[in-house]
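Visitor: Could you take me slowly through one part of this protein, and explain each term as you come to it?

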Amino acid sequence: MSELIPSAPLAKRIPKTLTVHDDPRVDDYYWLNDRENPEVIDYLNAENDYLKKSMAHTDALQETLYTEIIGRIKQEDQSVPIFHNGYFYITRFEQGGEYPIHARKKESLDAPEEVLLHVPTLAQGHGYFAIGSRSVSPNNQILAYGEDKVSRRIYTIRFKDLVTGDLLPDVIENTSGSAIWATDNVHVFYTAKDPVTLRGYKIFRHRMGTNAAEDVEAFHEADETFDAFVAKTKSEKYIVIGSRQTISHEYQFLLADAPLGDFTIFQP
């Protein structure tokens, strides 16, 4: 058996000294952090190939276990309907489907289903695909949703016209995937992620119909020990920016019907 298993790939060592609090530490494999480096991709592919060949003798067993596992899972399933602003919202799976379908029904569960996002279709052609947060404008006409095609929780926010079914030209990249609507159905707030650490560090205000490059920065959390986010209160009366770390949180708020105003801090 050992003769059939290929040699394991070995990552080369490139010493890099990292200093924190005047304490130096040498990391021989820091170079593997560079996801755009072709050498890193080649090494990961070599590891995957090694795994596949090394485990080839268990292929039949893997298939048996997989079939047994999915045989115990309800293939056609759906979430508990959630009623919000005149609609019941439902997430459901169809037989054999790996991705959900997000839908809604107006006022009654007996009403015709309106599919908001047919994720099995959206995922076609992608090695990885995930939908993040979803939020519908107060007038129920525009859906904002985050999509991740890389598997790093870096979402692109897109907007769908629920009247026509068309995607709107607004596209916002490198976000947490969540868009918070102001009452005017025109402005949304979102969290931008630091491209290196993936920390939520800036909150922006976007006006529908404009280029994301023109978005206004509402808050910048410069302290690297804090993570910033934006949300809406349960009453939907206020938009809240939060900044949190292990032992302390800070919140500031703004009336949802005054999106061009300034946020007020509860307590520094």
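Guide: What follows goes from the whole protein to its nonpolar cores and then to two loops beside the strands that build them.

This is a predicted model, in which local features need pLDDT of at least 70 and side-chain atom pairs count only at pLDDT 80 or more, while totals for chains, interfaces and linings use all residues. Residues are numbered from 1 along each chain as its sequence is written, and side-chain values use heavy atoms, with hydrogens and water left out.

The protein has three helices and 18 strands, where helices (H or I, at least four residues) and strands (E, at least two) are DSSP runs numbered from the N terminus. Of its 268 residues, 34% count as buried; buried means under 20% relative accessible area, exposed means over 50%, and partly exposed lies in between, with a 1.4 Å probe and protein chains only.

The part to look at closely is the largest nonpolar core, which has 13 residues. A nonpolar core is a set of buried Ala, Val, Leu, Ile, Met, Phe, Trp, Tyr and Cys residues joined through side-chain atoms within 4.5 Å. The residues with the most contacts inside this core are I157, F159 and W181, where contact means heavy atoms within 4.5 Å. At least two residues of the core come from each of strand 9 (142-148), strand 10 (155-161), strand 11 (167-181), strand 12 (187-193) and strand 13 (200-207). Apart from this core lies another, of 12 residues, including I180, I203, F219 and A228. In soluble globular proteins, nonpolar side chains tend to be buried together.

Between strand 11 and strand 12 there is a loop that holds T183, and this residue is partly exposed, with a relative accessible area of 38%. If its neighbours within four places in sequence are left aside, T183 is in contact with P138, A256 and D257. T183 and N139 are 44 residues apart in sequence, and their C-alpha atoms are 8.6 Å apart in space.

N140, in turn, is found in the loop between strand 8 (130-136) and strand 9. N140 counts as buried because its relative accessibility is 15%, and, with neighbours within four places in sequence left aside, N140 is in contact with N85, Y87, Y89, R104 and L162.
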